[in-house]
Amino acid sequence: MAGQSSAAVANTGNNPFLKAVAALSTLAGWYSAGAIVAAVAITCQMIVIRFVLNGSTVWQTEAVIYLVISATLIGLPYVQRLRGHVNVDLIPLSLAPRARFSLAVLTQILFITIIAVMLWYGYEYWHFAWDRGWKSDTVWGVRLWIPYLSIPVGFGLLLLQLIADFVALLLRIDAPFGLED
């Protein structure tokens, strides 16, 4: 039977950098929750307009899609801070403390590198939409740089949280993979 991982919220200790990043990640989590609530409210409003009042909706579907995508991307650092991403800890649990630390360092470096590349290309994509003045092909015609902004913001905040996790690991403020010996 699968159980809850023993990993907990990322530790910050008394480090001001780690506390600031944790506060930013928490703020991103609050934004994400608010965006999901707004998407649900807009969906309810759309249902009333279409099926109760027999009216037409123009912007609701597109707004809900953009809000949910934004909530997902900007919510990434908060989930990382809470260690809520999918985690298979069979290998780290079976390793000695020194090997577990080495694996955690390697994993963090790879994760930071991948997210940095995604941030770079996400920024390029957003800037391209900004520079070219892209608009959606719908009746609403939203300027696409607005919803696309969640790509570099989300990955940038996730990268910052990953760097904070790496600093906490190197300073021994947090245990590798959040697993205590």
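**Ring contacts and helix 7**

Trainee: Over which ring does the charged end of arginine 172 sit?
Mentor: The model is predicted; local features need pLDDT of at least 70, side-chain atom pairs count only at pLDDT 80 or more, and totals for chains, interfaces and linings use all residues. Residues are numbered from 1 along each chain as its sequence is written, and side-chain values use heavy atoms, without hydrogens and water. A charge sits over a ring if NZ of Lys or CZ of Arg is within 6 Å of the ring centre and within 35 degrees of the ring normal. Here the charged end of arginine 172 lies 3.9 Å from the centre of its ring partner, phenylalanine 101.

Trainee: How are the rings of tyrosine 125 and tyrosine 148 arranged?
Mentor: Rings of Phe, Tyr and Trp (its six-membered ring) pair if their centres lie within 6.5 Å; planes under 30 degrees apart count as stacked, over 60 as edge-to-face and the rest as tilted. These two centres are 4.8 Å apart and the planes meet at 25 degrees, so the pair is stacked.

Trainee: Is tyrosine 148 buried or exposed?
Mentor: Buried means under 20% relative accessible area, exposed over 50%, partly exposed in between (1.4 Å probe, protein chains only). Tyrosine 148 has 17%, so it is buried.

Trainee: What span should helix 7 have?
Mentor: Helices (H or I, at least four residues) and strands (E, at least two) are DSSP runs, numbered from the N terminus. The expected span is 1.5 Å times one less than the number of residues. Helix 7 has 21 residues, and its end C-alpha atoms are 30 Å apart, which agrees with the expected 30 Å.
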